[in-house]
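Student: Could you take me through one part of this structure slowly, starting from a single residue and then moving out to what surrounds it?

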Amino acid sequence: MRVLGIETSCDETGVAVFDTERGLLGHCVHSQIELHAEYGGVVPELASRDHIRRLPLLVRQVLAASECSAGELDAIAYTAGPGLAGALLVGASFAEAFGLSLGVPVLPVHHLEGHLLSPLLAAEPPEFPFVALLVSGGHTQLMQVTGVGEYVLLGETLDDAAGEAFDKTAKLIGLGYPGGPQLARLAEAGEVGRFRLPRPMLHSGDLDFSFSGLKTAVLNVVSRQEWRPERDAADLAADFQEAVVEVLSAKSLMALQQTGLTRLVVAGGVGANRKLRERLDASSRRKGWEVYYPEPELCTDNGAMIAFAGARRFAAGQAGADSFAVRVFPRWPLADLKAPGVSG
């Protein structure tokens, strides 16, 4: 079965073709970083317009690279949410129209489910069940995963997500857009320990997160009269990153302990952070646990994870819609997602 995956939830246009027998045949991602950089963040209307321009071209490009004609596609999967409403509508409209023209089923896919299942595309994928740490954009969640669509929410952020905290902190210390990756690079040149930043909810006893207080602590530092960016920015970035990594790692390991599971999956953009991976790998080795990550190129938003998630749902018995109605869900809790074949 060959599935075309389309991702347009925010500021990246992703397209991929996944074959259930041969694996990922091809994928491509166009980033809108340059488009939004001068505004210091994503402008929804510009994002939608760029998806309209890029999507047809990327589909042709990926089909050619995959040596697959449109007529050889068996299904189409697209990101239906969560995300920016206008951006989601671009991908949904294209997918439904393309599916109608080809006479193939079309399946709406949850964006976070795509991230959650993306490590299964690796050469050595994890087996179910596992704990998943989802750190993507405005989401920071811990889930217990027993199968496709079988997700139990263990904990989530009560305010800012880790990725949002990275971006907002980067702006506070004078970095450009996108701030998170720039802050992580700057932290490599810094020394941990100069600034006493809090570890919010580290000892709360539950699996929830909170990062707004950490961001406020950074604001208090940069508001001081003695603050000198050229002297202090790298060290502050290093201390901020250390605080986030410590909390994410501690809560993830606590989730493994509480569930009795021995496999941890880390997915989403922040999952590519080198310090986070080092901390989780070292802690898991001591406990005899296993940690799995997506390939680096699949950590950010991409069509490959959507094509794969769609293929897994088709294989598990969820049929695509035949009404070809355009359906998007800008706010769509992952815990509300049902397993294939489950109603209610």
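Tutor: In this predicted model, R313 has a relative accessible area of 3%, and because residues under 20% count as buried, R313 is buried. R313 lies in helix α10, and, if residues up to four places away in sequence are not counted, R313 touches L107, E113, V148, G149, Q318, L337, K338, A339 and P340.

From this residue we can turn to the nonpolar core. The largest nonpolar core has 55 residues, and those with the most contacts inside it are L4, I76, L116, M143, Y151 and L334. Helix α10, which spans residues 303-315, gives the most to this core, with eight residues. In soluble globular proteins, nonpolar side chains tend to be buried together. L116 shows what such contacts look like here: leaving aside neighbours within four places in sequence, L116 is in contact with F130, A132, L134, M143, V145, Y151, V265, A267 and L334.

Apart from the largest core lies another one, of 46 residues, among them F166, A170, F240 and W289. Two of these names return where helices α5 and α6 meet, since F166 and A170, together with D167 and T169, are the residues of α5 that meet G179, G180 and L183 in α6. By class, this contact has three nonpolar, three polar and one charged residues. The axes of α5 (residues 162-172) and α6 (residues 179-187) come within 7 Å and cross at roughly 70°, and the two helices are therefore roughly perpendicular to each other.

Conventions
Residues are numbered from 1 along each chain as its sequence is written. This is a predicted model: local features need pLDDT of at least 70, side-chain atom pairs count only at pLDDT 80 or more; totals for chains, interfaces and linings use all residues. Side-chain values use heavy atoms; hydrogens and water are left out. Axes are lines fitted to C-alpha atoms, for helices over the stretch in contact, and angles run from 0 to 180 degrees between N-to-C directions. Helices (H or I, at least four residues) and strands (E, at least two) are DSSP runs, numbered from the N terminus. Angles under 35 degrees count as roughly parallel, over 145 as roughly antiparallel, 65 to 115 as roughly perpendicular and the rest as oblique. Contact means heavy atoms within 4.5 Å. Ala, Val, Leu, Ile, Met, Phe, Trp, Tyr, Cys and Pro count as nonpolar, Asp, Glu, Lys and Arg as charged, and the others, Gly among them, as polar. A nonpolar core is a set of buried Ala, Val, Leu, Ile, Met, Phe, Trp, Tyr and Cys residues joined through side-chain atoms within 4.5 Å. Buried means under 20% relative accessible area, exposed over 50%, partly exposed in between (1.4 Å probe, protein chains only).
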